[in-house]
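Subject: Handing over the model

Hi,

Here is the structure I promised to pass on. Have it open while you read, and my notes on what turned up follow below.

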Amino acid sequence: MPDFSYQIVKHIGVISEGSGGWAKELNLISWNGKDAKYDIRDWSPDHENMSKGITLAEKDIKSLKALLDELRFDD
């Protein structure tokens with residue numbers, strides 16, 4: 001596995017928490033010193049370990065927000 005670096009520029013929030021202490025989070029992350037992007041993935045409590053996730057540019061997160069705003073949930 002190639003080496004990589006990351007910096008959590010801004011912790012936006014926790015989406016859900018698992019029983020093992022890991023949490024699915026939305027963060028703004030700089031990968032390998034590049035411009036920060038929005039990122040959704042599971043993190044260990046110390047943020048040293050992570051699962052696979054999805055990284056989105058600002059235009060993509062805006063499109064996702066618009067789609068989510070259109071969802072209707074039956075409560």
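First, a cut-off you will need for what follows: a residue is called buried under 20% relative accessible area, exposed over 50%, and partly exposed in between. Asp-69, with a relative accessible area of 47%, is therefore partly exposed. Please also keep in mind that this is a predicted model.

**The overall picture**

The protein chain has 4 strands and 1 helix. If you walk along the sequence, the order is β-β-β-β-α, so the helix comes after the strands. The C-alpha atoms fill a box of roughly 45 × 30 × 20 Å along the principal axes.

There are 75 residues in the protein chain, and 19% of them count as buried. The accessible surface comes to about 5900 Å², with 52% of that belonging to carbon and sulfur atoms. As for contacts between residues at least 6 apart in sequence, 21% of them join residues at least 24 apart.

On the charge side, the protein chain carries 10 positive and 14 negative charges, and the mean positions of the two sets are 7 Å apart.

**Salt bridges**

Side chains of opposite charge can pair when their charged atoms come close. How many salt bridges does the structure hold? The count is 5, and I'll go through some of them here.

One of them is between Lys-24 and Asp-42, where the closest N and O atoms are 3.2 Å apart. This pair links distant parts of the chain: Lys-24 sits in strand 2 (residues 23–31) and Asp-42 in strand 3 (residues 37–43), 18 residues apart. Lys-24 has a relative accessible area of 30%, so it counts as partly exposed. Asp-42 is partly exposed too, at 25% relative accessibility.

Helix 1 (residues 58–70) has a bridge between Glu-58 and Lys-62, again with the closest N and O atoms 3.2 Å apart. These two residues are 4 apart in sequence, about one turn of the helix. Are they buried or exposed? Glu-58 is partly exposed at 47% relative accessibility, while Lys-62, with a relative accessible area of 54%, is exposed.

Another bridge joins the side chains of Asp-69 and Lys-65, at 2.8 Å from N to O. Both are in helix 1, and because they are 4 residues apart there, about one helical turn separates them. Asp-69 is the partly exposed residue I opened with, at 47%. Its partner Lys-65 has 51% relative accessibility and so counts as exposed.

**Aromatic rings**

A pair of aromatic rings is described by the distance of the centres and the angle of the planes. Searching the whole structure gives 4 aromatic pairs. Among them is the pair of Phe-4 and Tyr-6, which is tilted: the centres are 6.4 Å apart and the planes make an angle of 35°. Phe-4 is partly exposed at 40% relative accessibility, and Tyr-6 is partly exposed at 28%.

Tyr-6 also pairs with Trp-43. Here the ring centres are 5.3 Å apart and the planes lie at 50°, so this pair is tilted as well. Which parts of the chain does it tie together? Tyr-6 is in strand 1 (residues 6–17) and Trp-43 is in strand 3, so the pair connects parts that are 37 residues apart in sequence. Trp-43 is buried, with a relative accessible area of 0%.

Taken together, ring pairs link Phe-4, Tyr-6, Trp-31 and Trp-43 into a cluster. If you want one place to start looking on screen, I'd suggest that cluster, with the buried Trp-43 in it.

**One last residue**

Back in the helix, Leu-68 lies in helix 1. At 48% relative accessibility, Leu-68 counts as partly exposed. Leu-68 and Leu-56 are 12 residues apart in sequence, and their C-alpha atoms are 15 Å apart in space.

That's what I have for now. Shout if anything is unclear.

Cheers

Definitions and conventions
Residues are numbered from 1 along each chain as its sequence is written. This is a predicted model: local features need pLDDT of at least 70, side-chain atom pairs count only at pLDDT 80 or more; totals for chains, interfaces and linings use all residues. Side-chain values use heavy atoms; hydrogens and water are left out. Buried means under 20% relative accessible area, exposed over 50%, partly exposed in between (1.4 Å probe, protein chains only). Contact means heavy atoms within 4.5 Å. Accessible areas come from the Shrake-Rupley method with a 1.4 Å probe; for residues, only the protein chains shown count as cover. Lys and Arg count as positive and Asp and Glu as negative; His and the chain ends are not counted. The place of a charge is taken as NZ of Lys, CZ of Arg, CG of Asp or CD of Glu. A salt bridge is a side-chain nitrogen of Lys or Arg within 4 Å of a carboxyl oxygen of Asp or Glu. Rings of Phe, Tyr and Trp (its six-membered ring) pair if their centres lie within 6.5 Å; planes under 30 degrees apart count as stacked, over 60 as edge-to-face and the rest as tilted.
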